[in-house]
Amino acid sequence: MKITTKSRAYEQVMAMKRTKRRKPMRPIFLLQLVIRILAIFDLLPTGFTYDMHGMEKIGKKAFYSAKNLISVEATSKLCCIEEKAFSLCSQLCFFRGADRLDVIGDGAFAVCSALSVFAFPETIRSIGEDAFSYCESLTVVNLPDNVVLGKGAFAACTNLSNFDFADLG
């Protein structure tokens, strides 16, 4: 009898393992995925402005090549922008409101040629390699003293006329 009970319990455990479902995707990830697909096929509406709506991080290539993206209004919860998140967003002009942002990944805003305003918060501590390379409209950069810059972080920013490491408070 005990052998039968153990084998039945074993079969029940194995059946539970086989029917165990994957965790559902997070809504924020799905939203980023949909926007990325729309950007790839150039189907984003003209003059698209994106409100971050409580996002804490922006994933790799989330808005990569979103040609119609004009501005981004981040929330105070945003703390990380991963690599190439906004690369090749040729119409992106403004990125504002990220009060807690502390990490900008490699190439995050590379070749955003229209980017003219990026408000760097006091909390920023790391800017990755080539993060703002070829941002030709960027003219002024004010960073806190303790920020670590990756290689070529502001390479080929041809109109950059004022670059300050200063107290932003």
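The following dialogue explains how to read several features of this predicted model.

Student: What should be known about the model before its features are read?

Tutor: The model is predicted: local features need pLDDT of at least 70, side-chain atom pairs count only at pLDDT 80 or more, and totals for chains, interfaces and linings use all residues. Residues are numbered from 1 along each chain as its sequence is written, and side-chain values use heavy atoms, with hydrogens and water left out.

Student: How many salt bridges are there?

Tutor: A salt bridge is a side-chain nitrogen of Lys or Arg within 4 Å of a carboxyl oxygen of Asp or Glu. By this rule there are 3 salt bridges. One of them joins the side chains of Glu82 and Lys57, at 3.0 Å from N to O. Glu82 lies in the loop between strand E4 (80-81) and strand E5 (94-96), and Lys57 in strand E2 (residues 57-58), so this pair ties together parts that are 25 residues apart in sequence. Strands (E, at least two residues) and helices (H or I, at least four) are DSSP runs, numbered from the N terminus.

Student: Which residue forms a salt bridge with Glu73?

Tutor: The partner is Arg96, and the N to O distance is 3.4 Å. This pair links distant parts of the chain, with Glu73 in strand E3 (residues 69-73) and Arg96 in strand E5, 23 residues apart. A further salt bridge joins Arg125 and Asp102 at 3.3 Å, N to O. Here Arg125 is in the loop between strand E7 (117-118) and E8, while Asp102 is in the loop between E5 and strand E6 (103-104).

Student: Is Arg96 buried, partly exposed or exposed?

Tutor: Buried means under 20% relative accessible area, exposed means over 50%, and partly exposed is in between (1.4 Å probe, protein chains only). Arg96 has 36% relative accessibility, so Arg96 counts as partly exposed. Glu73 is partly exposed at 32%, Lys57 is partly exposed at 39%, and Arg125 is partly exposed at 46%.

Student: Which residues form a nonpolar patch on the surface?

Tutor: Patches are made of residues with over 30% relative accessible area and no salt bridge; like charges are joined within 9 Å, and nonpolar side chains (Val, Leu, Ile, Met, Phe, Trp, Tyr) within 5 Å. Accessible areas come from the Shrake-Rupley method with a 1.4 Å probe, and for residues only the protein chains shown count as cover. In this structure, Leu88, Val111 and Tyr134 form such a nonpolar patch, with about 250 Å² of accessible area together. Tyr134 is found in the loop between strand E8 (126-127) and strand E9 (140-143), and Tyr134 is partly exposed at 46%.

Student: How is a pair of aromatic rings described?

Tutor: The description gives the distance of the centres and the angle of the planes. Rings of Phe, Tyr and Trp (its six-membered ring) pair if their centres lie within 6.5 Å; planes under 30 degrees apart count as stacked, over 60 as edge-to-face and the rest as tilted. A search of the whole structure finds 13 aromatic pairs. The rings of Phe109 and Phe118 have centres 5.1 Å apart and planes at 75°, so this pair is edge-to-face. Phe118 also pairs with Phe120 in a tilted arrangement, 4.6 Å centre to centre with 45° between the planes.

Student: Are Phe118 and Phe120 buried or exposed?

Tutor: Phe118 is buried at 7% relative accessibility, and Phe120 is buried at 9%. Both belong to one aromatic cluster, whose members include Phe63, Phe86 and Phe163.
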